[in-house]
Amino acid sequence: MKKKDIKILLVDDEPDILEIVGYNLTAEGYQVITAENGQEGVKKAKNELPHLIILDVMMPEMDGIEACELIRKNPDLKNTVITFLTARGEDYSQVAGFDAGADDYITKPIKPKVLVSKVKALLRRFKEDDVSDTLKVGSLVINRDEYKITSKGKELILPRKEFELLSLLASKPGKVFKRDEILDTVWGNEVVVGGRTIDVHIRKLREKLGDNSFKTIKGVGYKFVD
């Protein structure tokens, strides 16, 4: 899918945020639609069917959490990616956001380069063709829609980042995913994340799925072995 065909809905009550974020995303070639509060955001989401919605948490009339819950009830928006804008340290907002159906969050103050990188990572799920919600690799079944894993007939519930890492590697068995690509896709260039984070998550996945499922390519990255 080309950038000019991708719609991004930006919902925030701060004019400066709408202007700065909107400018940077438009400069990247995306279609940008704006709304100044949650109610307007829900209405525009229904009418425009955006691929990505960036929602501020604290807004008048209707906050981002309530808006997210209403958007997720609309079957036409089930595949829309939703990310929240939260002030640094608002852990409660992040937890509430995920509970409401959000896919990720971006912390304020917003750094344009980090924002653009994050948006690109979030939009990677949109391909030219429809992607199945279920991925089957050998005895492993990954249900992307419900965030569930079945391995050798046994259901496993993985933490969000472990699930996303496994889903990425298993999407192309045998392909070596470079560390930078993994960080960018799974963590979206978050400044607090380092290379060791990948190693820790791989170790946890090995404990749950077996050592033989993952192969380390020294100095390069990892691959999933069917």
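**Salt bridges, a four-stranded sheet and aromatic pairs**

Asp103 and Arg72 form a salt bridge in which the closest N and O atoms are 2.8 Å apart. Asp103 is in the loop between helix 4 (91-100) and strand 5, whereas Arg72 belongs to helix 3 (residues 64-72), so this pair ties together parts that are 31 residues apart in sequence. The two partners were assigned to separate classes of accessibility: Asp103 is buried, with a relative accessible area of 10%, and Arg72 is partly exposed, with a relative accessible area of 24%. These values, like those that follow, come from a predicted model.

Salt bridges that share partners also join Asp104, Lys118, Arg160, Lys161 and Glu164 into one network. In total, 18 salt bridges were counted. Side chains of opposite charge can pair when their charged atoms come close. Among the pairs is that of Asp12 with Lys108, where the closest N and O atoms are 3.6 Å apart. This pair links distant parts of the chain, 96 residues apart: Asp12 is in the loop between strand 1 (7-11) and helix 1 (15-27), and Lys108 is in strand 5 (residues 104-108). Asp12 and Lys108 are both buried.

A salt bridge within one helix is given by Glu40 and Lys44, with an N to O distance of 3.3 Å. Both residues lie in helix 2 (residues 38-48), and their spacing of four residues is about one turn of the helix. Since buried means under 20% relative accessible area and exposed over 50%, Glu40 counts as partly exposed at 26%. Lys44 likewise counts as partly exposed, at 26% relative accessibility.

Further along the chain, four strands form an open sheet in the order 6-7-8-9, with antiparallel pairing. Strand 6 (134-137) and strand 9 (154-156) stand at the edges; each has a single partner strand, so one side of each is left without a neighbour in the sheet. Direction ignored, neighbouring strands of this sheet are turned by 20° against each other on average. Helix 6 (residues 160-170) packs on the sheet and touches strand 6, strand 7 (140-143) and strand 8, its direction making about 120° with that of strand 7.

Strand 6 and strand 7 pair in the antiparallel sense over four bridges, and Val137 stands opposite Leu140 of strand 7. These two strands form a hairpin with two residues between them, and Gly138 in the turn has a positive phi of about 60°. Four bridges also connect strand 7 and strand 8, again in the antiparallel sense. Here Leu140 stands opposite Ser151 in strand 8. The hairpin of strand 7 and strand 8 has four residues between the strands, and Tyr147 takes a positive phi near 55° in this hairpin. Strand 8 (residues 148-151) is in turn joined to strand 9 by three bridges, the two strands running antiparallel. In this pairing, Thr150 has Glu155 of strand 9 as its bridge partner.

Ser151, a residue of strand 8, counts as buried at 14% relative accessibility. Leaving aside residues up to four places away in sequence, Ser151 touches Ser139, Leu140, Leu156 and Leu209. Leu140 is therefore both a contact of Ser151 and, as noted for the pairing of the strands, the residue opposite Ser151.

Two aromatic pairs were found in the structure. In one of them, Tyr147 and Phe163 are stacked, with 4.3 Å centre to centre and 25° between the planes. Tyr147 lies in the loop between strand 7 and strand 8 and Phe163 lies in helix 6, so the pair ties together parts that are 16 residues apart in sequence. Tyr147 is partly exposed, with a relative accessible area of 23%, while Phe163 counts as buried at 3% relative accessibility.

The other pair, Phe214 and Phe224, is edge-to-face, with 5.6 Å centre to centre and 80° between the planes. Phe214 lies in strand 11 (residues 214-217) and Phe224 in strand 12 (residues 221-224), so this pair ties together parts that are 10 residues apart in sequence. Both Phe214 and Phe224 are buried.

Note on methods: Residues are numbered from 1 along each chain as its sequence is written. This is a predicted model: local features need pLDDT of at least 70, side-chain atom pairs count only at pLDDT 80 or more; totals for chains, interfaces and linings use all residues. Side-chain values use heavy atoms; hydrogens and water are left out. Two strands pair if DSSP finds at least two bridges between them. Axes are lines fitted to C-alpha atoms, for helices over the stretch in contact, and angles run from 0 to 180 degrees between N-to-C directions. Contact means heavy atoms within 4.5 Å. Buried means under 20% relative accessible area, exposed over 50%, partly exposed in between (1.4 Å probe, protein chains only). Rings of Phe, Tyr and Trp (its six-membered ring) pair if their centres lie within 6.5 Å; planes under 30 degrees apart count as stacked, over 60 as edge-to-face and the rest as tilted. A salt bridge is a side-chain nitrogen of Lys or Arg within 4 Å of a carboxyl oxygen of Asp or Glu.
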